[in-house]
Amino acid sequence: MKTAQVPSPVPHTIAVVGTGPRGIAVLERLAVRLRDAAPADRRPVTVYAIDAVEVGAGRIWRTDQDRWFAMNTVIGQVTMFSGGPDGGRPRPGAGPSLGQWLHDHAPEDVRPTSGHGPDDFASRLDYGRYLRFVYRTITDELPSYVRLIPVRGRVTSVRPDHFGRYQVTLDSLRTLGADKVVLATGHPKNTPDTFDRTMAAFAAYRPDTHYLSGDSAADMDLAGTVPPGSTVAVRGLGLSFYDVLMSLTEGRDGRFVRDGDGRLRYEPSGREPHIVAGSRSGLPIPARGRNQKAPHHVHQALFLTPQAVADARRRQERATGSDRLDFAGDLLPLVLHEIEHVYYSGHVRIRHGAEAAERFAARHADEVLAGEDGLRAVKEAGVEDVPPLDLWSLARPFTGEHFADPEAWRRRLTGVMRRDLEEASLGTVDGPLKAALDTLRDLRGILRASVDYGGLAPASYASAFRGRYVPVNALLSAGPPMVRIEQLLALMAAGVVEVAGPATEFGRDEETGRFTVRSPQVDGSRRYADVLIDARIPTPDLPRDASQLTRQLLAEGLIREFVNEDPVTEEAFPTGGLDIARGSFRVIDANGRLHPGLYALGVPTEHVRWFTQIGNGRPGLETDFVKVADAVAAELLPRPDAEPAGAAMDVAPAVQEPASVR
């Protein structure tokens with residue numbers, strides 16, 4: 001008599017679409033939760049880690065990019081493990097930060113000998129290798145009842161089936177069945193806007209003229225479209241501008257050399273183009289201050305507190321019937337009080353010492369909390385002559401100015417840039433200005449909690465917050481390392497780069513068949529260019545997202561755009577963000593229904609949640625980055641009382657991955 005065999009349980013199946021930092025963070029927290037699950041709650045689990053470019057690193061951080069692309073967060077403030085080392089082997093929940101990995105775990109050919117201290121900046125290549133290490137650590141430490149299968153491919157559709165599961169289709173036409181699906185797809189590529197279409201059409205029939213729309217510089221065909229000696233116009237002076245700049249100079253064998261006086265000088269290779277760049281402000285994004293803060297340091301807010309925000313909501317509800325906040329009236333004054341407090345305290349410390357600064361800080365806080373402006377404390381401390389801290393003037397320093405010629409403009413611009421370097425060199429603690437601006441980073445958490453999920457009135461969100469504050473905040477608090485500003489100054493001195501001026505206008509000239517660049521505030525600034533590069537990372541905008549997956553989900557009503565709508569005032573503002581539920585991060589469909597097993601986090605949800613671009617946790621802190629990943633991971637776990645809806649469909653063979661990066 002044969003004994004009947006009991007069939008193996010059908011695995012609970014999870015598909016994580018996108019394995020950049022957000023996807024890896026979900027996998028790391030999922031691994032911790034699966035490892036720590038009670039024996040009675042364990043059933044077979046299959047996890048697909050899907051990426052179109054590189055499983056374990058993603059597109060932006062892929063490990064085949066050039067080393068001159070840099071991060072803009074110091075090494076000591078970067079980790080992908082939800083807990084620090086505990087003396088045991090690296091594993092989910094207890095692993096090295098980026099800096100610790102570089103010095104203790106990276107391969108010898110990667111491990112730095114200098115320039116990678118906790119206050120330095122790593123390359124994106126090194127961070128990609130670190131992400132790969134974290135991913136391999138996850139795969140090595142999974143419990144025996146869990147399989148993690150890497151799949152390299154582009155997801156083209158996700159559809160619910162009749163069994164309550166999802167069918168995930170790849171560009172290879174393979175289909176994976178999953179009970180739960182996470183969309184962690186990162187930075188989008190948008191369909192062309194009017195400017196893009198106009199410039200692309202102009203270049204289409206001119207073989208020596210090229211237009212490159214906004215994207216990561218590592219994905220641009222700069223070698224094939226920008227010949228040596230040509231003139232290239234660059235639209236945008238933000239972080240991506242510096243990536244383009246390095247690709248066209250250092251990436252073409254140019255050298256930066258520090259002279260005996262400490263200044264940086266550029267030695268051309270002869271293969272560079274001439275670069276003419278510009279933006280609305282005319283100001284290249286300023287430098288981050290020299291870091292003086294420990295990784296776990298966070299400014300403790302005195303004015304922009306949860307209690308202050310709750311009080312503002314109650315006032316709004318009493319006055320208007322709606323608890324939606326007005327950013328300019330309810331939140332911005334509190335932000336300004338915070339940075340002014342740090343700014344003036346720093347100046348008092350420089351002039352009168354630490355004890356005087358402590359006395360001032362206490363007096364200033366008391367005055368502001370009592371409803372005053374704090375200027376009496378400033379005057380009594382003897383720093384009333386210090387120029388007031390004006391975020392808008394710092395971000396738009398050339399408003400209303402006119403320059404007789406490009407040389408007069410260049411002198412004014414380089415003076416601003418050199419003063420910024422002087423301020424940055426003082427540091428994020430000792431330097432009053434950069435310490436105050438660095439505080440903007442620490443205030444993101446409470447601001448996020450205040451504005452997310454329609455926390456602001458629609459008109460206030462669209463204009464005062466997103467239209468006015470967000471660009472200024474990004475410009476002043478998310479800058480590159482100081483060396484990038486030094487390099488730009490060296491390139492300007494060498495004649496390789498010129499900045500056109502404020503309110504830069506980009507166009508085309510039919511007669512010459514070339515692009516044009518000019519600033520209406522600088523006489524004689526008009527230049528002609530063979531190539532035009534939009535060096536701005538595309539803003540998430542769901543209706544314009546060009547990916548086949550997003551178009552499919554939108555067309556079939558499986559996702560919808562988040563509309564900031566106030567039911568009391570009936571105001572509404574379509575934000576461009578992917579609508580998700582608070583707390584669970586479950587996707588909401590066109591009819592307002594929650595998907596049972598579809599989740600989204602990170603960049604696609606920008607405008608529902610603010611500042612989702614951050615791609616790492618911070619050692620010693622339970623950051624929003626980790627909290628969101630853990631919340632999604634908790635949702636992905638199989639419920640002990642739930643039966644699988646159907647057998648997993650997997651017609652995609654396992655993909656051979658590169659050797660682990662240790």
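Author: Let's start with a term: a salt bridge is a side-chain nitrogen of Lys or Arg within 4 Å of a carboxyl oxygen of Asp or Glu. Keep in mind that this is a predicted model.

Reader: How far apart, N to O, are the side chains of Arg 67 and Asp 126 in their salt bridge?

Author: Side chains of opposite charge can pair when their charged atoms come close. Here the cut-off is 4 Å. Arg 67 and Asp 126 meet with an N to O distance of 3.0 Å.

Reader: And how many residues apart are Arg 67 and Asp 126 along the chain?

Author: Arg 67 sits in the loop between S2 and strand S3 (70-74). Asp 126 belongs to helix H3 (residues 124-141). So the pair links distant parts of the chain, because these two residues are 59 residues apart.

Reader: Is Asp 126 buried or exposed?

Author: Buried means under 20% relative accessible area. Arg 67 has 43%, so Arg 67 counts as partly exposed. Asp 126 has a relative accessible area of 0%, so Asp 126 is buried.

Reader: What about Arg 255 and Glu 267: which strands does their salt bridge tie together?

Author: The side chains of Arg 255 and Glu 267 meet at 2.5 Å, N to O. The two residues are twelve residues apart in sequence, so the pair ties together separate parts. Those parts are strand S12 (residues 255-258) and strand S13 (residues 264-267).

Reader: Which helix holds both Glu 407 and Arg 410?

Author: Glu 407 forms a salt bridge with Arg 410, with the closest N and O atoms 2.9 Å apart. At 35% relative accessibility, Glu 407 is partly exposed, and Arg 410 is partly exposed too at 32%. They are three residues apart, about one turn of the helix, and that helix is H12 (residues 406-426).

Reader: How many salt bridges does the count come to?

Author: Some salt bridges join up: Arg 59, Arg 62, Asp 64, Lys 189, Asp 215 and Asp 219 are linked in a network. By the 4 Å rule, the count comes to 47 salt bridges.

Reader: Now for the sheet. Which strands are the edge strands?

Author: Strands of a sheet pair through backbone hydrogen bonds, either parallel or antiparallel. This open sheet has six strands in the order S5-S2-S1-S9-S23-S22, with mixed pairing. An edge strand pairs on one side only, and here that gives S5 (146-152) and S22 (586-588).

Reader: Which residue of S2 is the bridge partner of Ile 14?

Author: Strand S1 (residues 12-17) runs parallel to strand S2 (residues 45-51), and six bridges join them. One of the facing pairs is Val 17 opposite Ile 50. For Ile 14, the bridge partner in S2 is Val 47.

Reader: How many bridges does S2 make with S5?

Author: One bridge pair here is Thr 46 with Arg 147 in S5. S2 and S5 pair in the parallel sense, over seven bridges.

Reader: How many of the residues of S2 are buried?

Author: Val 45, Val 47, Ala 49 and Asp 51 point one way from S2. Thr 46, Tyr 48 and Ile 50 point the other way, and all of these are buried. That makes S2 mostly covered, with the buried tally at seven of its seven residues.

Reader: What handedness does the β-α-β unit of S1, H1 and S2 have?

Author: Helix H1 (residues 21-36) lies across S1, S2 and S5. H1 runs at about 170° to S2. Together, S1, H1 and S2 make a β-α-β unit that is right-handed.

Definitions and conventions. Residues are numbered from 1 along each chain as its sequence is written. This is a predicted model: local features need pLDDT of at least 70, side-chain atom pairs count only at pLDDT 80 or more; totals for chains, interfaces and linings use all residues. Side-chain values use heavy atoms; hydrogens and water are left out. Two strands pair if DSSP finds at least two bridges between them. Helices (H or I, at least four residues) and strands (E, at least two) are DSSP runs, numbered from the N terminus. Contact means heavy atoms within 4.5 Å. Axes are lines fitted to C-alpha atoms, for helices over the stretch in contact, and angles run from 0 to 180 degrees between N-to-C directions. Buried means under 20% relative accessible area, exposed over 50%, partly exposed in between (1.4 Å probe, protein chains only). A crossover is right-handed if, with the strands pointing away from the viewer, the path from the first strand over the helix to the second runs clockwise.
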